[in-house]
Amino acid sequence: MAPVIRRARPGDAPVIAGFNVALAKETEDHVLDPAVIGPGVAAILADPAKGFYFVAESDGRIVGQTMVTFEWSDWRNGFLWWIQSVYVAREVREKGVFKALHARVVEEARMAGAVGIRLYVFDENRRAQEVYRRLGMRDGRYRVLEQMFDGREGD
């Protein structure tokens, strides 16, 4: 049965934070600080200007997530929606959960007048890259560079 996709609510924060911890560990062997990720998730759930999460539910339990944030493009005179914090529980992978999440992001982005969607993916996460390509995404012409101010380089 296809998962139910909905916008996340504040009560979903512990599951989302837990998925983010698992995501960082699985994809980058990175340990997220619960004292940072918990409030970070709560902040976006409390302030739609920052973005929002979609969650996928199956049998009444959250089994996947993705976060959406926004970037204004003066070149395109419109918003790009960034897909971030993608996670699907191990036991439901390859069952269409992310496909359903992605479809919902695309649908809502189009309805909102966004000019496109983007995501970044860890260089070594080849499996995820292939999933994104199968859904119609392609390599962009840009490389992401960063400069962090909180001492957590590479987060």
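In the predicted model, the side chain of asparagine 20 makes a polar contact with the side chain of glutamine 65, at a distance of 2.9 Å. Asparagine 20 belongs to helix H1, which spans residues 13–28. With a relative accessible area of 4%, asparagine 20 is buried, since this value falls under the 20% limit used for that class. Beyond residues up to four places away in sequence, asparagine 20 touches Leu32, Ile37, Val41, Tyr53, Gln65 and Ser85. Glutamine 65 therefore appears both among the residues touched by asparagine 20 and as its partner in the polar contact, where the limit for such a contact is 3.5 Å.

Aromatic side chains were examined next. A search of the whole structure yields 9 aromatic pairs. One of these joins phenylalanine 70 and tryptophan 81, whose ring centres are 5.7 Å apart and whose planes meet at 70°, so the arrangement is edge-to-face. Because phenylalanine 70 is located in strand E3 (residues 61–73) and tryptophan 81 in strand E4, this pair ties together parts that are 11 residues apart in sequence. The two partners fall into separate accessibility classes: phenylalanine 70 is partly exposed at 33% relative accessibility, whereas tryptophan 81 is buried at 6%.

Tryptophan 72 and phenylalanine 79 form another edge-to-face pair, with 5.0 Å from centre to centre and 75° between the planes. Phenylalanine 79 is part of strand E4, which covers residues 78–88. Both members of this pair are partly exposed, tryptophan 72 having a relative accessible area of 47% and phenylalanine 79 one of 41%. The four residues of these two pairs belong, together with Phe52 and Phe54, to one aromatic cluster made up of Phe52, Phe54, Phe70, Trp72, Phe79 and Trp81.

Part of this cluster also contributes to the surface. Phe70, Trp72 and Phe79 form a nonpolar surface patch, and their accessible area together is about 310 Å². Membership of such a patch requires over 30% relative accessible area, a condition met by phenylalanine 70 at 33%, by tryptophan 72 at 47% and by phenylalanine 79 at 41%. Tryptophan 81, at 6%, is buried and therefore does not meet the accessibility requirement for a patch.

Charged side chains were considered in turn. The structure holds 12 salt bridges. In one of them, arginine 61 is joined to glutamate 91, with 2.1 Å between the closest N and O atoms. This pair links distant parts of the chain, arginine 61 lying in strand E3 and glutamate 91 in the loop between E4 and H3, 30 residues apart. Arginine 61 is partly exposed at 39% relative accessibility, and glutamate 91 is likewise partly exposed, with a relative accessible area of 47%.

A further salt bridge connects glutamate 71 with arginine 118, the closest N and O atoms being 3.8 Å apart; this distance is within the 4 Å limit, so the pair is counted. Here too distant parts of the chain are linked, with glutamate 71 in strand E3 and arginine 118 in strand E5 (residues 116–119), 47 residues apart. Glutamate 71 is partly exposed at 28%. Arginine 118 is also partly exposed, at 21%, because the buried class is confined to values under 20%.

Within helix H3, arginine 104 forms a salt bridge with glutamate 108, the closest N and O atoms lying 2.8 Å apart. Because these two residues are 4 residues apart in the helix, about one helical turn separates them. Arginine 104 is partly exposed at 21% relative accessibility, while glutamate 108 is buried at 13%. In addition to these pairs, Arg6, Asp12 and Glu57 are linked in a network of salt bridges.

Helix H3, comprising residues 97–111, also contains alanine 103. Alanine 103 is partly exposed, with a relative accessible area of 42%. Although alanine 103 and isoleucine 5 are 98 residues apart in sequence, their C-alpha atoms are 9.7 Å apart in space.

Note on methods:
Residues are numbered from 1 along each chain as its sequence is written. This is a predicted model: local features need pLDDT of at least 70, side-chain atom pairs count only at pLDDT 80 or more; totals for chains, interfaces and linings use all residues. Side-chain values use heavy atoms; hydrogens and water are left out. Patches are made of residues with over 30% relative accessible area and no salt bridge: like charges are joined within 9 Å, nonpolar side chains (Val, Leu, Ile, Met, Phe, Trp, Tyr) within 5 Å. Accessible areas come from the Shrake-Rupley method with a 1.4 Å probe; for residues, only the protein chains shown count as cover. Buried means under 20% relative accessible area, exposed over 50%, partly exposed in between (1.4 Å probe, protein chains only). A polar contact is a pair of N or O atoms within 3.5 Å; within protein, one must be able to donate a hydrogen and the other to accept it, and residues adjacent in sequence count only if both atoms are side-chain atoms. Contact means heavy atoms within 4.5 Å. Rings of Phe, Tyr and Trp (its six-membered ring) pair if their centres lie within 6.5 Å; planes under 30 degrees apart count as stacked, over 60 as edge-to-face and the rest as tilted.
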